[in-house]
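Colleague: I have a model open and would like to go through it with you. Could we begin with a loop and then work outwards?
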Amino acid sequence: MKKKVISFLLAMMVCVSGLFFQVFETRAEDDGEEMDFSYLMTEDALVGYMQTQTWGVYLAEGYSIINKISSTKIGAGGVTGAAVKCRVSVCPIVEKLSNGSWVRVTSWTVTEASDYSAMASRSITVGTGYYYRVRCLHYAASDGSSSWTDALWM
């Protein structure tokens, strides 16, 4: 229950941050095709969320988050929410646009063995003069999906 409350509070903080930052959202569908919705943006905070899957009974929601902390640091992460208590994972993948292709900078996974949510976040030092985005893989029991943000200029 504590994790569910924390997940709700984190989602509320993201919503409230929209009052202070201009937040753009993109939707991602896991239909077997690689689709790129990473538009080049210059905003300070971006949120991407997964589209609800009608076939799943465990996975409820998933968010990818990237924000500019300073001129050389970004905050990156994600949240996965489950409809029932189960094994929940989120795998944030930070990428930068280099020579027209997205290149992985770093990735990590957070897994909760029996919970309603999994949250992952990190502060990452990055180079300037590039666009960065965060993709997340979301899993709850046997359900899986993905989400990603628009690109953030550093």
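Colleague: Where is A141 found?
Modeller: A141 is found in the loop between β8 and β9. This is a predicted model, and in it the phi of A141 is near 55°, a positive value in a residue other than glycine.
Colleague: Is A141 buried, exposed or partly exposed?
Modeller: A141 is partly exposed, because its relative accessible area is 39%, and the band for that class lies between 20% and 50%.
Colleague: How many residues lie between β8 and β9 in the hairpin?
Modeller: There are two residues between them in the hairpin. The strands β8 and β9 pair in the antiparallel sense, over six bridges.
Colleague: Which residue of β9 does H138 stand opposite?
Modeller: H138 stands opposite S145.
Colleague: And β9 itself, how many of its residues are buried?
Modeller: Six of the six residues in β9, which covers residues 143-148, are buried, so the strand is largely enclosed by the rest of the structure. In a regular strand, side chains alternate between the two faces of the sheet. Both faces of β9 are covered: one side has D143, S145 and S147, the other has G144, S146 and W148, and all are buried.
Colleague: Changing topic, which other residue has a positive phi although it is not a glycine?
Modeller: N99 does, with a phi of about 55°. N99 is found in the loop between β5 and β6, the latter being residues 101-107.
Colleague: Is N99 buried or exposed?
Modeller: N99 counts as exposed, because its relative accessibility is 81% and the cut-off for that class is over 50%.
Colleague: Let us move into β5. What about E95, buried or exposed?
Modeller: E95, whose place is in strand β5, is buried, with a relative accessible area of 6%.
Colleague: Which side chains make polar contacts with the side chain of E95?
Modeller: Those of R133, at 2.6 Å, and R135, at 3.1 Å.
Colleague: What else does E95 touch, leaving out residues up to four places away in sequence?
Modeller: Beyond R133 and R135, E95 touches W102, V103, R104, V105, Y131 and Y132.
Colleague: On to the interior. How many residues does the largest nonpolar core have?
Modeller: The largest nonpolar core has 22 residues, and those with the most contacts inside it are I66, I74, V94 and I124. Two or more residues come from each of β3 (45-50), β4 (59-68), β5 (73-98), β7 (110-125) and β8 (131-140). Of these, β5 gives the most, with seven residues. In soluble globular proteins, nonpolar side chains tend to be buried together.
Colleague: What is I124 in contact with, leaving aside its neighbours within four places in sequence?
Modeller: I124 is in contact with T72, K73, I74, A76, V94, T106 and W108.
Colleague: And T125, with the same neighbours left aside?
Modeller: T125, in strand β7, is in contact with T72 and K73. T125 and T72 are 53 residues apart in sequence, but their C-alpha atoms are 5.6 Å apart in space. T125 is exposed, with a relative accessible area of 57%.
Colleague: What does T111 contact, again without neighbours within four places?
Modeller: T111, also placed in strand β7, is in contact with R87, V88 and S89. A polar contact of 2.8 Å joins the side chains of T111 and S89. T111 counts as partly exposed, at 34% relative accessibility.
Colleague: Stepping back, how many helices and strands are in the protein chain?
Modeller: There are one helix and ten strands, and the helix comes ahead of the strands along the sequence. Buried residues make up 41% of the 154 residues. Among contacts between residues at least 6 apart in sequence, 62% join residues at least 24 apart.
Colleague: Finally, what is the mean pLDDT?
Modeller: The mean pLDDT of the protein chain is 78, and 69% of the residues reach 70 or more. Over residues 2-42 the pLDDT is below 50, although this stretch has 74 contacts in the model beyond near neighbours in sequence. Where pLDDT is low, the predicted coordinates should not be read in detail.

Methods: Residues are numbered from 1 along each chain as its sequence is written. This is a predicted model: local features need pLDDT of at least 70, side-chain atom pairs count only at pLDDT 80 or more; totals for chains, interfaces and linings use all residues. Side-chain values use heavy atoms; hydrogens and water are left out. A nonpolar core is a set of buried Ala, Val, Leu, Ile, Met, Phe, Trp, Tyr and Cys residues joined through side-chain atoms within 4.5 Å. Buried means under 20% relative accessible area, exposed over 50%, partly exposed in between (1.4 Å probe, protein chains only). Helices (H or I, at least four residues) and strands (E, at least two) are DSSP runs, numbered from the N terminus. Contact means heavy atoms within 4.5 Å. Two strands pair if DSSP finds at least two bridges between them. A polar contact is a pair of N or O atoms within 3.5 Å; within protein, one must be able to donate a hydrogen and the other to accept it, and residues adjacent in sequence count only if both atoms are side-chain atoms. pLDDT is the predictor's confidence in each residue, from 0 to 100.
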